[in-house]
Amino acid sequence: MLTLSENVKVLRQKATLNAVEHLDQGLYHYFKDTFHLDPSLSRSIVSFQANKTREIYRWYKFKEAFSASLVEYLLEKYKIVNGVILDPFADSGTALFAAIAKGINADGIELLPIGQQIINTKKILALEFTKDDFSTLKRWSLEQPWKKSELQIPLNELRITKDAYPEQTKEAIERYLGACEQENERVRTVLRFALLCILESVSYIRKDGQYLRWDYRSGRRQGKKPFNKGTILGFEKAICDKIDEIIFDLQTRGKQKPLFTSKHSKGTINLYGGSCLEVLPTIPTGTYDAIITSPPYCNRYDYTRSSRWFCCTGKNGS
Ligand SMILES: C[S@@+](CC[C@H](N)C(=O)[O-])C[C@H]1O[C@@H](n2cnc3c(N)ncnc32)[C@H](O)[C@@H]1O
């Protein structure tokens, strides 16, 4: 039985969802005549899973994004070969990096710090990382300097993630963060990114859509069927494996091809951190040759089935 205030909340939620549905229908009808089916867009091209065989894209666990192949397909299909594109919901920057690899400049806008961090790390690795930085990364995997670090930087915890890590792991993470402070900004960014990539695997938590599921070993109250997430990795193994994976990909890049940019690539990335609602009005009309994006979507996780992406081309909006 719901209380009065809970009932009001439910009614408000329903009204908001109905309003969103109404707007969605309006948008659909407005663009209806421009939609067309493209049978060559298979699930394997569109889904972010297609990125998982590519360097860097497989470093972090992430699926709320589209694939680099889709962006490449769109650039080719609409003959976008130079100029500048925009992704106003840039997230992990798939559109931006696929574009600069083809020599096209790319602007991105991203609200959340996590997306900004992923993009900045990719940018550093693609364009700024030096040989010395690379050697430092190797040393970290071999010598594990955090073990001797006297500086511990306390892990910021929210109420919903409190006690997410075994005590020993939490201490190792805090020492790792402390040791990172000894390195230059480029290396520090990559090391912190490596940490970000392994946090779930060393925790009691598994992200399940927009929910967090807690393993029975966390001590948190369990439902009828206790949740067992399987192996919870030790910090050392997880972080060294991740750093080694990054090193392996960077080495492959050195021997074979650049990580993102091709030999003749001149593309650059410009990231605006913040809301596109505030940034877009400051950008002059006609700045972009194309917009390739996928907007935020509510409670939808299967990208291929339920999400939408857009590609608009032409400075005059054609
Ligand atoms: C579906 S994701 C885009 C995925 C991206 N195309 C990719 O492949 O990596 C939507 C992104 O929009 C961001 N976002 C939501 N509201 C925003 C706003 N007002 N301004 C900028 N970014 C926003 C979210 O943080 C999220 O990263």
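At 36% relative accessibility, phenylalanine 31 counts as partly exposed, because the partly exposed class lies between under 20% for buried and over 50% for exposed. The model in which this value was computed is a predicted one. Phenylalanine 31 belongs to helix H1, which covers residues 4-31. On the surface, Phe31 joins Leu27, Tyr28, Tyr30 and Phe35 in a nonpolar patch. Together these residues have about 570 Å² of accessible area.

The next stop is the ligand. It is surrounded by 21 residues, and the closest of them are Ser92, Thr94, Glu110, Cys276 and Ser294. Sorted by class, this shell holds 11 nonpolar, six polar and four charged residues. Several polar contacts can be followed atom by atom. Serine 92 places a polar side-chain atom 2.8 Å from an oxygen atom of the ligand. Leucine 111 takes part through its backbone, where a polar atom is 3.3 Å from a ligand nitrogen. Cysteine 276 also uses a backbone N or O atom, which lies 2.8 Å from a nitrogen atom of the ligand. The ligand on its own has 610 Å² of accessible area, and the protein covers 90% of it.

Close to serine 92 in the numbering comes aspartate 91, a residue with an unusual entry in its backbone angles. Aspartate 91 has a positive phi of about 55°, although it is not a glycine. Its place is the loop between strand S1 (84-87) and helix H4 (94-100). Is aspartate 91 buried or partly exposed? Its relative accessible area is 23%, so aspartate 91 is partly exposed. Glutamine 144 is another residue that has a positive phi without being a glycine, here about 45°. Glutamine 144 also sits in a loop, the one between H6 and H7. Its relative accessible area is 14%, so glutamine 144 counts as buried.

From the loops the path leads to the charged side chains. Side chains of opposite charge can pair when their charged atoms come close. A search of the whole structure finds 11 salt bridges. One of them pairs arginine 186 with aspartate 133, with the closest N and O atoms 2.5 Å apart. This pair links distant parts of the chain, as arginine 186 is in helix H8 (residues 185-198) and aspartate 133 is in helix H6 (residues 131-143). The two residues are 53 residues apart. Arginine 186 is partly exposed, because its relative accessibility is 27%. Aspartate 133 has a relative accessible area of 2% and is therefore buried.

Another salt bridge lies within a single helix. Lysine 237 pairs with aspartate 241, and their closest N and O atoms are 2.5 Å apart. Why are lysine 237 and aspartate 241 separated by about one helical turn? They are four residues apart in helix H9 (residues 235-255), which means a separation of about one turn. Aspartate 241 is partly exposed, because its relative accessible area is 37%.

A further pair is formed by lysine 162 and aspartate 163, whose closest N and O atoms are 3.8 Å apart. This distance counts because a salt bridge requires the nitrogen to be within 4 Å of the carboxyl oxygen. Lysine 162 has a relative accessibility of 42%, so it counts as partly exposed. Aspartate 163, at 46%, also counts as partly exposed.

The last part of the walk turns to buried positions in helices. Leucine 177 lies in helix H7, made up of residues 167-180. With a relative accessibility of 8%, leucine 177 counts as buried. Its C-alpha atom is separated by 8.6 Å from that of leucine 155, and the two residues are 22 residues apart along the chain. Glycine 115 is found in helix H5, which spans residues 113-128. Glycine 115 is buried, because its relative accessible area is 0%. Between the C-alpha atoms of glycine 115 and phenylalanine 89 the separation is 9.5 Å, while along the chain these residues are 26 residues apart.

Methods: Residues are numbered from 1 along each chain as its sequence is written. This is a predicted model: local features need pLDDT of at least 70, side-chain atom pairs count only at pLDDT 80 or more; totals for chains, interfaces and linings use all residues. Side-chain values use heavy atoms; hydrogens and water are left out. Patches are made of residues with over 30% relative accessible area and no salt bridge: like charges are joined within 9 Å, nonpolar side chains (Val, Leu, Ile, Met, Phe, Trp, Tyr) within 5 Å. Accessible areas come from the Shrake-Rupley method with a 1.4 Å probe; for residues, only the protein chains shown count as cover. A salt bridge is a side-chain nitrogen of Lys or Arg within 4 Å of a carboxyl oxygen of Asp or Glu. Buried means under 20% relative accessible area, exposed over 50%, partly exposed in between (1.4 Å probe, protein chains only). A residue is near a molecule or strand if one of its heavy atoms lies within 4 Å of it. A polar contact is a pair of N or O atoms within 3.5 Å; within protein, one must be able to donate a hydrogen and the other to accept it, and residues adjacent in sequence count only if both atoms are side-chain atoms. Ala, Val, Leu, Ile, Met, Phe, Trp, Tyr, Cys and Pro count as nonpolar, Asp, Glu, Lys and Arg as charged, and the others, Gly among them, as polar.
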